[in-house]
Every structure is written in structure tokens, then in C-alpha cells.
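Welcome! Please take a moment to look over the sequence and the model shown here before reading on.

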Amino acid sequence: MADRKDRGDAVAVIGLGRFGSALALELADRGVEVLGVDNDPRTVQQLSGQLTHVACADSTDPDALTQLGVEEFGRTVVGIGNDIEASILTTSILADFGVPDIWAKSISRQHSRILQRVGAHHVVQPEHDMGERVAHLVTGRMLDYVEIDEDYALVKTKAPGWAVGRTLGELGIRTKYGVTVVGVKSPGGGFTYATSETTIHGHTVLLVAGETGMAERFAEET
């Protein structure tokens, strides 16, 4: 196989369940070279021809991963779900290989902590993250919600009625609410960067960044 520098944009996805296969197929659709690995021959057969490479192998076996050249990939994703032992062992092997960018799926906070300890650079908890996002949308008045970091969020929300006809500079939203309006979308248009001279019109949508609690409180103003 080519050396790692020639595979800097390639991704190895290990574990092709619902999460791993969806991720691998999305990457492939974006033109990314993808190696998919799973221990289920049926899953491998189903994805054959849809990914750049796909192989049936036991990811807890270092020799099997070496034969596939996994250590030559700059980025790997461990998408193994319910088999926590296999998830941890696979992540540990990738760390031992020195893979520079390891992403791993977690099913619990304890699982996340262990994955980080054995070498995962990024841990995602899809079900928890999606559940938290939907909870914010269901219980609040925001249009969309993305947690950027612990206790920091990006919120899409309608502009409050009292803001219409005034500029962001006049409104002083950052001073009053502790959040920053980073983007504005007027009816029929797309999002544009917000400045102090930006005027808010009726039915304007705002993209607001700030501490989660403050962003939520501002969204309730709409």
C-alpha cells in the first residue's frame, strides 16, 4: 500500500453497523477514499462496490489490521457499538500503531472515558448527542441547536419582535444576554455574517453563539 502521507485524506471505518456504514457511505459520496472493515461477511458483501475498499476481518487482531494497512491511514473511525470490549481493544491497537487521528463511537460516558484513556482522540456518542439536541428543540423555541463544546452552543432562532427595525449595534444583545449574533437570514435570502450595522427585519432568523444557558434564554425571547 501507499505510505501514510499519500493516504492523508483517506479514512478507515472499522465496524459497519448503522453508524459506521452511514458514515462510510457519506464519506464515499463526498469522494473520500474509504476502507470499511467488519467481522460480518454479510455486511461486507452488502457494502462491496459502494466503498473504495471493504474487508471482513477481526479488528481486535493486530495482524489482521496490519495486513489491511490500517496503520497507514491518517484517520480512522471505530464505529463498533454494543461490543464494548472489541471497541476498546480496536481503539487501543490503533493507538499502538500510532494512527494520528482516531475517532471512536461510544454508548455511555464510562465507555467514552475508557476510549479516551486507551488513545481515542475524539469520542462521539451519537444517540446521546442527538437525544440532547432534540430535547432542546422540543422544549424550547429554537429552530436548531448544536453543542460546540461543553456548555457552549450555537443556536438558530427567530429574531424577537422587539428587535425588528433596529440594528444589532442598537440592540446590544451581547451586553444584555451574553451571546453573540454571528449570522442573520432574512426572508427569502441566505445566511450572511452579522455586523453592528445589520438591521433586523420581520421573520429574520438569527444564528447565536454563547454559553448554553444564555443562548437558551435568548431563544426564549422570540
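This report starts with the whole chain and then visits two residues.

What you see is a predicted model. The protein chain contains nine helices and 11 strands. Its radius of gyration is 22 Å, well over the 17 Å that the globule rule gives for 222 residues, so the chain is more spread out than a compact globule. The C-alpha trace spans about 65 × 35 × 30 Å along its principal axes. Of the 222 residues, 39% are buried. Carbon and sulfur atoms account for 49% of an accessible surface of about 12,100 Å². Among contacts between residues at least 6 apart in sequence, 53% join residues at least 24 apart.

Here are the two residues side by side.

| Residue | Place in the chain | Relative accessibility |
|---|---|---|
| Ser59 | loop between β3 (53–56) and α3 (62–67) | 8%, buried |
| Met130 | helix α6 (residues 126–139) | 45%, partly exposed |

Let us begin with Ser59. Because its relative accessibility of 8% is under 20%, Ser59 counts as buried. Apart from neighbours within four places in sequence, Ser59 is in contact with Ile14, Leu65, Ile80, Thr90 and Ile93. With one of these, Thr90, the side chain of Ser59 makes a polar contact of 2.7 Å. Gly15 lies 44 residues away from Ser59 along the chain, yet their C-alpha atoms are 8.4 Å apart.

Now for Met130, in helix α6. Which residues join Met130 in a nonpolar patch on the surface? They are Val134 and Val138, and together the three have about 270 Å² of accessible area.

Methods. Residues numbered from 1 in each chain as written. Predicted model: local features only at pLDDT ≥ 70, side-chain atom pairs only at ≥ 80, totals over all residues. Heavy atoms only, no water. Patch = residues over 30% accessible without salt bridge, like charges linked within 9 Å, V, L, I, M, F, W, Y side chains within 5 Å. Areas by Shrake-Rupley, 256 points an atom, 1.4 Å probe, with all protein chains shown as cover. Salt bridge = Lys/Arg side-chain N within 4 Å of Asp/Glu carboxyl O. Helix = DSSP H or I, 4+ residues; strand = E, 2+ residues; numbered from the N terminus. Buried < 20%, exposed > 50% of the residue type's maximum accessible area, 1.4 Å probe, protein only. Rg over C-alpha atoms; globule rule 2.2 N^0.38 Å. Contact = heavy atoms within 4.5 Å. Polar contact = N/O pair within 3.5 Å; in protein donor to acceptor, adjacent residues only side chain to side chain.
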